[in-house]
Amino acid sequence: MRGYSISLLKGDIFGGLTAGVVALPLALAFGVASGAGAAAGLYGAIVLGLVAACLGGTRVQISGPTGPMTVVFASALAAFGGSFEMALAVVLVGGILQIGLGLLKTGGLVRYIPYPVISGFMSGIGFIIILLQTAPLLGAPASASPLEAILKLPANLGLINVSALAMGLLTLAIVFLTPIKISRFIPSPLLALVLCTIISVALDLHLPIIGDIPTGLPEFHLPTFTLSQWSLIFSLGLTLALLGSIDSLLTSIVADSVTQTRHQPNRELIGQGIGNILCSFVGGLPGAGATMRTVVNINSGGKTRVSGVIHSLFLLTLLLGLAPLAAQIPLAVLAGILIKVGIDILDYRLLKLLKQAPKPESLIMASVFALTVLVDLVMAVGVGVVLAMGLLTWRVAKEADITFDTSNTRYPYLDKANPGTRIVQVKGPLFFGSTSHMLDRIETVDKVVGTQQIIFDCRKVDFLDLTAIFTLDDMVARLHQRKIRPKVVATQEIRQQLLQMNTPNLTESIIFADMKEAMGQ
């Protein structure tokens, strides 16, 4: 805060208030969509927004409930039969794990997550939000899961509330078609919320509404769990932690690009974790850094942490004074706002390029998307990462070139000087993904008549792992059993690595740094 001036304060006030106006309808909508109630969305936006602004590693970031975090919380609430305290235990575990990730300095690792995994997961989250809000848009009861929403869609089409659908469609028209000139002064979600609510009340449409919202400060909640449910709580908490960390750090990167500054990723994770822990004790939704609200804050003049604090204080003021007015907001209006959020989350960047993108990456994205929507969020991320790792392993393994030339054309002097000597030339990475290729080559060498000695030419090996070392040791042992002399020629670095392992067969007597030296012994 050194050098803080009146001009900075003016920008922070306007930025914080504008971000708060944008956050209000989203917080209410996310609260209702989660099943915990509109107040939970406001509590989460206030507490997390305040704590992350003060303790996080990105000065201008606005934090609060987000679509992905809301979906995970709703899944937890459904998994525990509606037990709010057990769902809050998931939030508590998620916050603790986020702090752990920050202390372990893993903040920079978000850049190494494969893009197809992030794309498939985020598009899946967006599609889930759209699916779950289809029923409220039609005026029907909301579904608890995406699969249930799909199965109930035909029945819900027969239960259409024309007034609710009209309000929902009007909301969608406002959030999509409001000119940018107007949105700069009145965010389109807030405009839709106010206009459609006034119309609904004025025409006395009797639509499903939010209902009573508690006024005053939130009550203290004690997250609870049983040992029998611990594994599920931990897995969902881990999902919250990873998803919240990725979401927040990606938003931090966006903020850096706009403000030409650099955030502190590990501090950001710790701040987000502390904020989510406090949310679990006040009954608030978990959240993360929100990209849209952060950009709005920056574009409106926010330059320091004060803007995030003002955003939270503004929402707190509304909670204490205007909560009764929010009770009349139709659920169809919130559904329209959330459908717009879901559509915005879809990754159009990759969706537009699916035909041109490499098929393996497209399959990974599609797999993660399908698992996110139809099975489980945790499984989707896990399977996506495993598939991406498998693809990388396959591609790196293809770089390995393990060849055996029975005519020794690459070493023409061998037939005269060293009859019975065969050479297996190894290039590139030698690791668990390429060792099977080397085993195949040895089988080929064994079948050559008159083989007395095999030299593994590893001078062009980039690196080798433990699997490769043990495989090479086993092959040397097998060649000894067949009365064939094995030798290894390697760079000094690789030679030292082989000798340090002290395996029974890869001894100093058979490992050479020079091909001529290996030939002469």
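The exercises below, each with a worked solution, concern a predicted model.

**Exercise 1. Helix length**

Task: Compare the reach of helices α10, α2 and α16 with the span expected at 1.5 Å a residue.

Solution:
1. Helix α10 covers residues 230-259, which is 30 residues. The expected span is 44 Å, and its first and last C-alpha atoms lie 42 Å apart, close to that value.
2. Helix α2 has 18 residues. Its expected span is 26 Å, and it reaches 26 Å from the first C-alpha to the last.
3. Helix α16, residues 359-374, has 16 residues and should span 22 Å. Its end C-alpha atoms are 22 Å apart, so the two values agree.

**Exercise 2. The crossing of α7 and α14**

Task: How are α7 and α14 oriented to each other, and which residues make the contact?

Solution:
1. Two packed helices are described by the angle between their axes and the distance between the axes.
2. The axes of α7 (residues 162-177) and α14 (residues 331-345) come within 8 Å and cross at roughly 40 degrees.
3. Because of that angle, α7 is oblique to α14. The crossing is right-handed.
4. From α7, the contact uses A164, M167, G168, T171, L172, V175 and F176. From α14, it uses A332, V333, G336, I337, I339, K340 and I343.
5. Sorted by class, the contact of α7 with α14 holds ten nonpolar residues, three polar and one charged.

**Exercise 3. The crossing of α2 and α11**

Task: Describe the packing of α2 against α11, then state how many residues of α2 are buried.

Solution:
1. Helix α2 spans residues 38-55 and helix α11 spans residues 265-282. Their axes come within 8 Å and cross at roughly 150 degrees.
2. An angle over 145 degrees counts as roughly antiparallel, so α2 is roughly antiparallel to α11. The crossing is right-handed.
3. The residues of α2 in the contact are Y43, G44, V47, L48, V51, A52, C54 and L55. They meet R267, G271, Q272, I274, G275, N276, L278, C279 and V282 of α11.
4. This contact of α2 with α11 divides into eleven nonpolar, five polar and one charged residues.
5. In α2, 15 of the 18 residues are buried, so the helix is largely enclosed by the rest of the structure.

**Exercise 4. Two residues in helices**

Task: Are A27 and T70 buried or exposed, and which residues beyond four places in sequence do they contact?

Solution:
1. A27 is in helix α1 (residues 6-34). Its relative accessible area is 1%, and the cut-off for buried is under 20%, so A27 is buried.
2. Beyond four places in sequence, A27 contacts A38, G41, L42 and A45.
3. The C-alpha atoms of A27 and L315 are 9.6 Å apart, although 288 residues separate the two along the chain.
4. T70 is in helix α3 (residues 67-79). With a relative accessible area of 4%, T70 is buried.
5. Beyond four places in sequence, T70 contacts F30, A33, S34, P65 and L285.

**Exercise 5. Positive phi**

Task: Where do K105 and Q260 lie, and are they buried or exposed?

Solution:
1. Most residues other than glycine have a negative phi.
2. K105 is not a glycine, yet has a positive phi of about 60 degrees. K105 lies in the loop between α4 (84-103) and α5 (115-138).
3. K105 has a relative accessible area of 65%, so it is exposed.
4. Q260, also not a glycine, has a positive phi of about 60 degrees. Q260 comes just after α10, in the loop between α10 and α11.
5. Q260 has a relative accessible area of 67%, so it is exposed.

Methods:
Residues numbered from 1 in each chain as written. Predicted model: local features only at pLDDT ≥ 70, side-chain atom pairs only at ≥ 80, totals over all residues. Heavy atoms only, no water. Helix = DSSP H or I, 4+ residues; strand = E, 2+ residues; numbered from the N terminus. Expected span 1.5 Å × (residues − 1). Axes fitted to C-alpha atoms, helices over the stretch in contact; angles between N-to-C directions. Parallel < 35°, antiparallel > 145°, perpendicular 65-115°, else oblique. Left-handed = near helix turned anticlockwise from the far one by under 90°. Contact = heavy atoms within 4.5 Å. Nonpolar A, V, L, I, M, F, W, Y, C, P; charged D, E, K, R; others polar. Buried < 20%, exposed > 50% of the residue type's maximum accessible area, 1.4 Å probe, protein only.
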